[in-house]
Amino acid sequence: MHWNIRSDILWLCDSHVRWLWYSCRTFRYGSSIRPHSMSWKDAVGYWLGQLIGAIIAGALLLLFAKTMTPGAAFAGANPAGLGANGVAGAGGAGGAFLVEVVGTFIFVLVVLGTTDPKVGAGNFAGLAIGLSLTLVHLVCINLTGTSVNPARSIGPAIFAGGQALKDLWVFIVAPLVGG
């Protein structure tokens, strides 16, 4: 069997685009946010699925890190090595909040604009979305670790603990504000 990295990358981008399509086409009702095309029951199940997936991913990262790093070296390891976000690179919580709001806003704007049935990018929507996500990461990753999805931040923070948990509110609230 021949491994084709292009098809794997396209599959990952496609699955991410599909997730974004359902999760970013949101409406607001009071303070509640849910995907546009889902019932409340399906939306809650979807959110729980994302959180469970993020927690499993965080646990696997912790397992890999402990397996590959000797005990004493692991104890002093950087929590970002577990995928946890941080605010220090952005000058604190306020700077990180602004970075995450703007990054999420740009990303969701591209998703909604390119997937619009009337004026969207059609078959090129996935390319535009993937490139915008890449750009958001290139700009934000050194500042905050780039969240743009609360579930992506919750899983690693649970296992990194300490400051990652203290800063977690930024990476839950800011994407909701920006999206």
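Q: Where in the chain is the place of V87, and is V87 buried or exposed?
A: In this predicted model, the place of V87 is in the loop between α3 (71–75) and α4. Buried means under 20% relative accessible area, so V87, with a relative accessible area of 10%, falls on that side of the cut-off. The answer for V87 is therefore the loop between α3 and α4, and buried.

Q: Which residues is V87 in contact with, leaving aside its neighbours within four places in sequence?
A: V87 and V99 are twelve residues apart along the chain, and their C-alpha atoms are separated by 9.7 Å. V99 is not named among the contacts of V87 once neighbours within four places are left aside. The residues that are named are G92, A93, A96, D167, V170 and F171.

Q: What is the relative accessible area of A96, and which helix holds A96?
A: The place of A96 is in helix α4, which covers residues 93–114. Because buried means under 20% relative accessible area, A96 counts as buried, and its value is 0%.

Q: Which residues is A96 in contact with, leaving aside its neighbours within four places in sequence?
A: A96 and L143 stand 47 residues apart along the chain, while their C-alpha atoms are separated by 7.1 Å. Leaving aside the neighbours within four places in sequence, the contacts of A96 are V87, A90, T144, V170 and F171.

Q: Why are the buried residues of α8 said to be on the same side of that helix?
A: In helix α8 (residues 168–178), the buried residues are L168, V170, F171, A174, P175 and G178. They cover an arc of only 160 degrees around the axis, which puts them on the same side of α8. What covers these buried residues includes α4, α6 and α7 (162–166). The value that places the buried residues on the same side is the arc of only 160 degrees.

Q: What is the phi of T146, and what is the phi of V148?
A: Most residues other than glycine have a negative phi. T146 is found in the loop between α5 and α6, and V148 lies in the loop between α5 and α6 as well. T146 is buried at 1% relative accessible area, and V148 is buried at 13%. Although neither is a glycine, phi is positive in both, about 60 degrees for T146 and about 50 degrees for V148.

Q: What lies 3.0 Å from a polar atom of the side chain of N149?
A: N149 lies in the loop between α5 (125–140) and α6 (150–160), and with a relative accessible area of 14% N149 is buried. A polar atom of its side chain lies 3.0 Å from the backbone nitrogen of A151.

Q: Is F64 buried or partly exposed, and what is its relative accessibility?
A: The place of F64 is in helix α2 (residues 40–68). F64 is one of the residues that form a nonpolar patch on the surface, including W40, V44, W47 and M68, with about 1100 Å² of accessible area together. Partly exposed means between under 20% and over 50%, so F64 counts as partly exposed, at 43%.

Q: How many helices and strands has the chain, and in what order do the elements run?
A: The chain exposes about 10700 Å², of which carbon and sulfur atoms supply 70%, and 34% of its 179 residues count as buried. The chain has eight helices and two strands, and from the N terminus on the order is α-β-β-α-α-α-α-α-α-α.

Conventions: Residues are numbered from 1 along each chain as its sequence is written. This is a predicted model: local features need pLDDT of at least 70, side-chain atom pairs count only at pLDDT 80 or more; totals for chains, interfaces and linings use all residues. Side-chain values use heavy atoms; hydrogens and water are left out. Helices (H or I, at least four residues) and strands (E, at least two) are DSSP runs, numbered from the N terminus. Buried means under 20% relative accessible area, exposed over 50%, partly exposed in between (1.4 Å probe, protein chains only). Accessible areas come from the Shrake-Rupley method with a 1.4 Å probe; for residues, only the protein chains shown count as cover. Contact means heavy atoms within 4.5 Å. A polar contact is a pair of N or O atoms within 3.5 Å; within protein, one must be able to donate a hydrogen and the other to accept it, and residues adjacent in sequence count only if both atoms are side-chain atoms. Patches are made of residues with over 30% relative accessible area and no salt bridge: like charges are joined within 9 Å, nonpolar side chains (Val, Leu, Ile, Met, Phe, Trp, Tyr) within 5 Å. A salt bridge is a side-chain nitrogen of Lys or Arg within 4 Å of a carboxyl oxygen of Asp or Glu. The arc is that of the directions from the helix axis to the C-beta atoms.
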